[in-house]
Amino acid sequence: MGNVDVKKIVIVIICILALAIGAFFVINSGGKKYTLEKISEEDCKYFEVYTAGKYGVLNEKGEMVVQAIYDEIIIPNPKEPVFICKNASGNTKVISENKDNAFAKYDKVEAISLDSINTHFPYEKSVLRFEKDGKYRTN
C-alpha cells in the first residue's frame, strides 16, 4: 500500500506541473500587448451628422463622405474611415470613406462598447467584433 500512495503523489505532482507549464504558455502566447488608444477631439477626422431624421458622416473638411440615409451610424475610431451604418430594419453595413462594404463577408460587424470608461468616444478604437456563421471573433 505504501507504493500506491507514492505513485498517486507523483502522478498528482506531474499533473500540477503540466497544468502550470500549459497555463504559462497560454498566457504568454503570441506576445500581444493591448492598450486602449487615446483620441483627443483635435485628432478627429470624421463626424456624425444628423439631417432630415437620418445620420451620415462628414470628414474634417466638411465633405459628406457617407450620405445621411441611415438610422444610426457608429464611428468606432474618429481618426479612421470605418463607419458602421444601421437601418431601421436592423440591417448593418460597414463602409469606409470610399463607400465599399469593407466587411461584406461577415454576417455582422459591431463596435465594442466601452461602458465603464467616461469618454466622448465610447467605443474600442482598434478592435471590432465580427460574426460569421454564428461564431464571433475580434480583430
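Helices and strands here are DSSP runs, numbered from the N terminus. By that numbering, Y106 falls in the loop that links β6 (92–96) to β7 (108–113). The model is predicted. Its nonpolar residues appear below in two settings: a core of 10 residues and a patch on the surface.

**Largest nonpolar core**
- The largest nonpolar core has 10 residues: Y46, V57, V65, V66, Y70, I73, I75, F83, C85 and I95.
- At least two residues of this core come from each of β3 (64–70) and β5 (82–86).
- β3 gives the largest share, 3 residues.
- One member of the core is I75; beyond its neighbours within four places in sequence, I75 is in contact with Y46, F47, E48, V57, V82 and F83.

**Second core and Y106**
- Another core, of 5 residues, lies apart from the largest one and includes I74, V94, Y106 and V109.
- Y106 has a relative accessibility of 17%, and it counts as buried because the cut-off is under 20%.
- Between the C-alpha atoms of Y106 and K93 the separation is 9.8 Å, while the two residues are 13 apart along the chain.

**Surface patch on the nonpolar side**
- I9, I13, L17 and I21 form a nonpolar patch on the surface, and together they have about 380 Å² of accessible area.
- I21, one of these residues, belongs to helix α1 (residues 2–28).
- The relative accessible area of I21 is 48%, so I21 is partly exposed.

**Background**
- In soluble globular proteins, nonpolar side chains tend to be buried together.

Technical notes. Residues numbered from 1 in each chain as written. Predicted model: local features only at pLDDT ≥ 70, side-chain atom pairs only at ≥ 80, totals over all residues. Heavy atoms only, no water. Patch = residues over 30% accessible without salt bridge, like charges linked within 9 Å, V, L, I, M, F, W, Y side chains within 5 Å. Areas by Shrake-Rupley, 256 points an atom, 1.4 Å probe, with all protein chains shown as cover. Salt bridge = Lys/Arg side-chain N within 4 Å of Asp/Glu carboxyl O. Helix = DSSP H or I, 4+ residues; strand = E, 2+ residues; numbered from the N terminus. Buried < 20%, exposed > 50% of the residue type's maximum accessible area, 1.4 Å probe, protein only. Core = buried A, V, L, I, M, F, W, Y, C linked by side-chain atoms within 4.5 Å. Contact = heavy atoms within 4.5 Å.
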